[in-house]
Amino acid sequence: MTKVPPEVRPLVLSAPTGAGKTTIARALVEGEEDFVFSVSATTRFPRKGEAHGVDYWFLSEEEFLKMVDDGEFAEWAKVHGDLYGTPKENLTRARQDRRQVVLDIDVQGAMQIREAVPEALLLFILPPSVELFFLRLTGRGTEKEETLRRRLNTALQELEVAEAFDFLVINGDLDEAVREVRTLARGGEAPPEGTSGTLDDVRLLLAGIESLLRREKLLQGH
Ligand code: 5GP
(Lines give C-alpha, C1' and ligand atoms only; values in the text may rest on other atoms or scores of the structure.)
Protein backbone atom coordinates (compact mmCIF):
# COMPACT_ATOMS: atom_id res chain seq x y z
CA MET A 1 0.00 0.00 0.00
CA THR A 2 1.15 3.49 -0.74
CA LYS A 3 2.08 5.84 2.09
CA VAL A 4 1.45 8.92 -0.01
CA PRO A 5 -1.51 10.82 1.46
CA PRO A 6 -4.55 10.71 -0.85
CA GLU A 7 -4.64 14.50 -1.27
CA VAL A 8 -1.37 14.55 -3.21
CA ARG A 9 -1.80 11.43 -5.31
CA PRO A 10 -2.11 12.36 -8.97
CA LEU A 11 -5.50 11.32 -10.27
CA VAL A 12 -5.59 9.93 -13.80
CA LEU A 13 -8.85 9.75 -15.74
CA SER A 14 -8.84 7.70 -18.91
CA ALA A 15 -11.63 6.37 -21.05
CA PRO A 16 -12.54 5.38 -24.55
CA THR A 17 -13.34 8.53 -26.53
CA GLY A 18 -16.97 9.39 -26.02
CA ALA A 19 -17.26 8.20 -22.42
CA GLY A 20 -17.40 11.78 -21.15
CA LYS A 21 -14.20 11.87 -19.11
CA THR A 22 -13.29 15.48 -19.88
CA THR A 23 -16.67 16.60 -18.57
CA ILE A 24 -16.01 14.67 -15.37
CA ALA A 25 -12.48 16.06 -15.01
CA ARG A 26 -13.68 19.62 -15.49
CA ALA A 27 -16.63 19.19 -13.12
CA LEU A 28 -14.29 17.79 -10.49
CA VAL A 29 -11.93 20.76 -10.44
CA GLU A 30 -14.62 23.42 -10.82
CA GLY A 31 -15.00 25.34 -7.58
CA GLU A 32 -12.80 22.81 -5.74
CA GLU A 33 -9.58 24.31 -4.48
CA ASP A 34 -8.23 20.85 -3.61
CA PHE A 35 -8.12 19.70 -7.21
CA VAL A 36 -6.18 21.23 -10.07
CA PHE A 37 -6.56 20.34 -13.74
CA SER A 38 -3.35 19.32 -15.51
CA VAL A 39 -3.17 21.39 -18.68
CA SER A 40 -1.49 19.22 -21.31
CA ALA A 41 0.64 20.25 -24.23
CA THR A 42 -0.51 19.25 -27.69
CA THR A 43 0.37 19.70 -31.36
CA ARG A 44 -3.26 19.61 -32.48
CA PHE A 45 -4.95 22.83 -33.57
CA PRO A 46 -7.24 24.58 -31.09
CA ARG A 47 -10.94 23.97 -31.53
CA LYS A 48 -13.43 26.81 -31.40
CA GLY A 49 -13.61 28.23 -27.88
CA GLU A 50 -10.38 26.63 -26.66
CA ALA A 51 -7.76 28.88 -25.10
CA HIS A 52 -3.99 28.52 -24.92
CA GLY A 53 -2.93 27.68 -21.38
CA VAL A 54 -6.50 26.88 -20.30
CA ASP A 55 -7.53 23.86 -22.35
CA TYR A 56 -4.10 22.99 -23.68
CA TRP A 57 -0.71 24.48 -24.37
CA PHE A 58 -0.90 24.50 -28.14
CA LEU A 59 2.61 23.89 -29.47
CA SER A 60 4.26 23.34 -32.81
CA GLU A 61 5.67 19.87 -33.37
CA GLU A 62 9.15 21.34 -33.06
CA GLU A 63 8.36 22.92 -29.68
CA PHE A 64 6.76 19.71 -28.48
CA LEU A 65 9.71 17.52 -29.53
CA LYS A 66 12.12 19.90 -27.84
CA MET A 67 10.23 19.37 -24.58
CA VAL A 68 10.47 15.60 -25.17
CA ASP A 69 14.24 15.89 -25.69
CA ASP A 70 14.60 18.04 -22.59
CA GLY A 71 12.79 15.40 -20.54
CA GLU A 72 10.02 17.80 -19.59
CA PHE A 73 7.13 15.37 -19.93
CA ALA A 74 5.90 12.96 -17.27
CA GLU A 75 4.31 11.06 -20.16
CA TRP A 76 3.51 11.72 -23.79
CA ALA A 77 1.82 9.87 -26.62
CA LYS A 78 0.46 10.15 -30.12
CA VAL A 79 -3.33 10.17 -30.08
CA HIS A 80 -5.38 10.29 -33.30
CA GLY A 81 -2.29 11.52 -35.17
CA ASP A 82 -1.36 14.38 -32.80
CA LEU A 83 1.12 14.55 -29.94
CA TYR A 84 -0.07 15.08 -26.36
CA GLY A 85 1.95 15.28 -23.17
CA THR A 86 1.75 16.08 -19.46
CA PRO A 87 4.44 18.56 -18.38
CA LYS A 88 6.25 17.23 -15.28
CA GLU A 89 5.86 20.67 -13.82
CA ASN A 90 2.08 20.14 -13.50
CA LEU A 91 2.79 17.29 -11.08
CA THR A 92 5.55 18.99 -9.09
CA ARG A 93 3.64 22.24 -8.69
CA ALA A 94 0.48 20.44 -7.51
CA ARG A 95 2.50 18.48 -4.99
CA GLN A 96 4.13 21.64 -3.65
CA ASP A 97 0.72 23.30 -3.35
CA ARG A 98 -0.69 20.14 -1.75
CA ARG A 99 -3.38 19.97 -4.38
CA GLN A 100 -4.50 16.85 -6.19
CA VAL A 101 -3.68 17.08 -9.87
CA VAL A 102 -6.23 15.65 -12.31
CA LEU A 103 -4.87 14.21 -15.57
CA ASP A 104 -7.31 13.75 -18.42
CA ILE A 105 -5.15 11.59 -20.68
CA ASP A 106 -5.38 8.61 -23.00
CA VAL A 107 -4.65 5.04 -21.92
CA GLN A 108 -1.09 5.00 -23.32
CA GLY A 109 -0.30 8.02 -21.13
CA ALA A 110 -2.04 6.42 -18.15
CA MET A 111 0.17 3.34 -18.46
CA GLN A 112 3.29 5.53 -18.51
CA ILE A 113 2.11 7.34 -15.38
CA ARG A 114 1.54 3.95 -13.73
CA GLU A 115 5.26 3.27 -14.23
CA ALA A 116 6.63 6.72 -13.48
CA VAL A 117 4.34 7.67 -10.58
CA PRO A 118 3.36 4.43 -8.84
CA GLU A 119 1.24 6.19 -6.21
CA ALA A 120 -1.06 7.69 -8.88
CA LEU A 121 -4.70 6.63 -8.79
CA LEU A 122 -5.91 5.42 -12.17
CA LEU A 123 -9.61 5.57 -12.93
CA PHE A 124 -11.14 4.27 -16.11
CA ILE A 125 -14.42 5.90 -17.12
CA LEU A 126 -16.93 3.70 -18.90
CA PRO A 127 -19.93 4.72 -20.95
CA PRO A 128 -23.14 3.22 -19.48
CA SER A 129 -24.04 1.30 -22.64
CA VAL A 130 -22.89 0.69 -26.18
CA GLU A 131 -25.94 2.57 -27.47
CA LEU A 132 -25.14 5.70 -25.47
CA PHE A 133 -21.48 5.43 -26.33
CA PHE A 134 -22.34 5.32 -30.04
CA LEU A 135 -24.72 8.25 -29.63
CA ARG A 136 -22.03 10.32 -27.93
CA LEU A 137 -19.54 9.45 -30.64
CA THR A 138 -21.90 10.43 -33.41
CA GLY A 139 -23.59 13.21 -31.43
CA ARG A 140 -21.79 16.00 -33.20
CA GLY A 141 -23.15 14.55 -36.43
CA THR A 142 -20.04 15.63 -38.25
CA GLU A 143 -18.11 12.38 -38.13
CA LYS A 144 -17.30 10.73 -41.39
CA GLU A 145 -17.59 6.94 -41.58
CA GLU A 146 -13.80 6.67 -41.66
CA THR A 147 -13.45 8.76 -38.49
CA LEU A 148 -16.13 6.76 -36.77
CA ARG A 149 -14.51 3.48 -37.67
CA ARG A 150 -11.17 4.69 -36.39
CA ARG A 151 -12.68 5.85 -33.13
CA LEU A 152 -14.56 2.61 -32.56
CA ASN A 153 -11.45 0.58 -33.29
CA THR A 154 -9.44 2.80 -30.94
CA ALA A 155 -12.11 2.30 -28.29
CA LEU A 156 -11.67 -1.47 -28.62
CA GLN A 157 -7.94 -1.17 -27.97
CA GLU A 158 -8.51 1.23 -25.08
CA LEU A 159 -11.05 -1.04 -23.42
CA GLU A 160 -8.61 -3.93 -23.60
CA VAL A 161 -6.32 -2.31 -21.02
CA ALA A 162 -9.12 -1.41 -18.58
CA GLU A 163 -8.04 -4.09 -16.13
CA ALA A 164 -4.75 -2.27 -15.47
CA PHE A 165 -6.69 0.54 -13.77
CA ASP A 166 -7.46 0.85 -10.06
CA PHE A 167 -11.20 1.44 -10.50
CA LEU A 168 -13.77 1.51 -13.25
CA VAL A 169 -16.45 4.20 -13.03
CA ILE A 170 -19.58 4.16 -15.16
CA ASN A 171 -20.56 7.58 -16.44
CA GLY A 172 -24.33 7.26 -16.62
CA ASP A 173 -25.41 10.16 -14.44
CA LEU A 174 -22.76 12.89 -14.47
CA ASP A 175 -23.32 14.10 -10.89
CA GLU A 176 -23.14 10.58 -9.54
CA ALA A 177 -20.00 9.80 -11.51
CA VAL A 178 -18.32 12.99 -10.27
CA ARG A 179 -19.30 12.17 -6.67
CA GLU A 180 -17.85 8.72 -7.00
CA VAL A 181 -14.61 9.94 -8.59
CA ARG A 182 -14.26 12.50 -5.79
CA THR A 183 -14.75 9.82 -3.12
CA LEU A 184 -12.23 7.50 -4.74
CA ALA A 185 -9.76 10.36 -5.20
CA ARG A 186 -9.89 11.08 -1.49
CA GLY A 187 -8.94 7.52 -0.74
CA GLY A 188 -12.45 6.28 -0.03
CA GLU A 189 -14.11 3.11 -1.17
CA ALA A 190 -16.51 3.05 -4.06
CA PRO A 191 -20.01 3.40 -2.61
CA PRO A 192 -21.92 0.11 -2.94
CA GLU A 193 -24.88 1.96 -4.44
CA GLY A 194 -22.57 3.95 -6.71
CA THR A 195 -21.71 3.65 -10.34
CA SER A 196 -18.58 1.50 -10.12
CA GLY A 197 -18.08 -0.79 -13.03
CA THR A 198 -16.61 -4.25 -13.24
CA LEU A 199 -14.64 -6.10 -15.89
CA ASP A 200 -17.95 -7.69 -16.92
CA ASP A 201 -19.13 -4.23 -17.95
CA VAL A 202 -15.98 -3.88 -20.02
CA ARG A 203 -16.56 -7.25 -21.67
CA LEU A 204 -20.15 -6.29 -22.51
CA LEU A 205 -19.00 -3.04 -24.08
CA LEU A 206 -16.28 -4.81 -26.06
CA ALA A 207 -18.79 -7.32 -27.41
CA GLY A 208 -21.25 -4.53 -28.20
CA ILE A 209 -18.72 -2.44 -30.09
CA GLU A 210 -17.47 -5.46 -32.02
CA SER A 211 -20.96 -6.37 -33.11
CA LEU A 212 -21.61 -2.76 -34.08
CA LEU A 213 -18.48 -2.68 -36.21
CA ARG A 214 -19.36 -6.01 -37.80
CA ARG A 215 -22.88 -4.86 -38.57
CA GLU A 216 -21.60 -1.62 -40.04
CA LYS A 217 -18.75 -3.51 -41.74
CA LEU A 218 -16.39 -1.17 -39.96
CA LEU A 219 -14.27 -3.76 -38.20
CA GLN A 220 -10.58 -3.74 -38.98
CA GLY A 221 -8.63 -6.95 -38.65
CA HIS A 222 -10.90 -8.47 -35.99
P1 5GP B 1 -8.80 15.98 -27.54
O2 5GP B 1 -7.92 16.35 -28.67
O3 5GP B 1 -10.15 15.50 -28.02
O4 5GP B 1 -8.91 17.07 -26.51
O5 5GP B 1 -8.11 14.75 -26.79
C6 5GP B 1 -7.84 13.57 -27.49
C7 5GP B 1 -7.34 12.53 -26.52
O8 5GP B 1 -6.04 12.90 -26.03
C9 5GP B 1 -8.20 12.35 -25.28
O10 5GP B 1 -8.30 10.95 -25.02
C11 5GP B 1 -7.40 13.03 -24.20
O12 5GP B 1 -7.67 12.50 -22.93
C13 5GP B 1 -6.00 12.71 -24.64
N14 5GP B 1 -5.02 13.59 -24.00
C15 5GP B 1 -5.17 14.89 -23.66
N16 5GP B 1 -4.07 15.34 -23.05
C17 5GP B 1 -3.19 14.30 -23.01
C18 5GP B 1 -1.86 14.14 -22.49
O19 5GP B 1 -1.25 15.03 -21.93
N20 5GP B 1 -1.29 12.92 -22.64
C21 5GP B 1 -1.92 11.88 -23.24
N22 5GP B 1 -1.28 10.71 -23.31
N23 5GP B 1 -3.17 11.99 -23.73
C24 5GP B 1 -3.79 13.19 -23.62
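This passage describes the ligand site of a predicted model, then a set of residues in its helices, strands and loops.

The ligand is a good place to start. The space that the ligand takes up is the largest pocket. Two elements give two or more residues each to the shell around the ligand, namely β5 (73-79) and β6 (82-87). In all, 15 residues surround the ligand, and those that come nearest are S40, R44, Y56, Y84 and D106. Sorted by class, this shell holds 5 nonpolar, 4 polar and 6 charged residues.

Several short distances between polar atoms can be picked out at this site. The side chain of S40 has an N or O atom 2.6 Å from an oxygen atom of the ligand. For Y56, too, a side-chain N or O atom is found 2.6 Å from a ligand oxygen. The backbone also takes part in this picture, as a polar backbone atom of G85 is 3.2 Å from an oxygen atom of the ligand. On its own the ligand has 520 Å² of accessible area, and the protein covers 89% of this.

Strand β6, which helps to form the shell, is also home to T86. T86 has a relative accessibility of 0%, so this residue counts as buried, the limit being under 20%. Its side chain is joined to that of E75 by a polar contact of 2.5 Å. Between β5 and β6 runs a loop that contains H80. The phi angle of H80 is near 45 degrees, a positive value in a residue that is not glycine. H80 counts as partly exposed because its relative accessibility is 34%, which falls between the 20% and 50% limits.

A second residue with a backbone angle of this kind is R98. Its phi is near 55 degrees, again positive in a residue other than glycine. R98 is placed in a loop as well, the one that links α3 (88-96) to β7 (100-104).

The helices offer a further set of residues whose partners in space are distant in sequence. Helix α5 spans residues 130-138 and includes L132. With a relative accessible area of 34%, L132 is partly exposed. L132 and A19 lie 113 residues apart in sequence, yet their C-alpha atoms are 8.8 Å apart in space. In helix α6, made up of residues 145-159, the residue to look at is E158. Although E158 has a charged side chain by class, its relative accessible area is 6%, and E158 is therefore buried. The C-alpha atoms of E158 and T17 are separated by 8.9 Å, with their positions 141 residues apart along the chain.

Helix α7 covers residues 174-185 and carries V181. This valine is buried, because its relative accessibility is 0%. Its C-alpha atom is 7.9 Å from that of L123, a residue 58 positions away along the chain. Helix α8, running through residues 199-215, holds L204. L204 has a relative accessible area of 61%, and since this is over 50%, L204 is exposed. Measuring along the sequence, L204 and S129 are 75 residues apart, while the C-alpha to C-alpha distance between them is 8.5 Å.

Taken by exposure, then, V181 is buried and E158 is buried, whereas L132 is partly exposed and L204 is exposed.

Key:
Residues numbered from 1 in each chain as written. Predicted model: local features only at pLDDT ≥ 70, side-chain atom pairs only at ≥ 80, totals over all residues. Heavy atoms only, no water. Helix = DSSP H or I, 4+ residues; strand = E, 2+ residues; numbered from the N terminus. Buried < 20%, exposed > 50% of the residue type's maximum accessible area, 1.4 Å probe, protein only. Near = heavy atom within 4 Å. Polar contact = N/O pair within 3.5 Å; in protein donor to acceptor, adjacent residues only side chain to side chain. Areas by Shrake-Rupley, 256 points an atom, 1.4 Å probe, with all protein chains shown as cover. 1 Å grid on protein atoms, 1.4 Å probe; cavity = no way out; pocket = protein on both sides within 12 Å on 5 of 7 lines; lining within 4 Å. Sits in = over half its atoms within 2 Å of the grid points.
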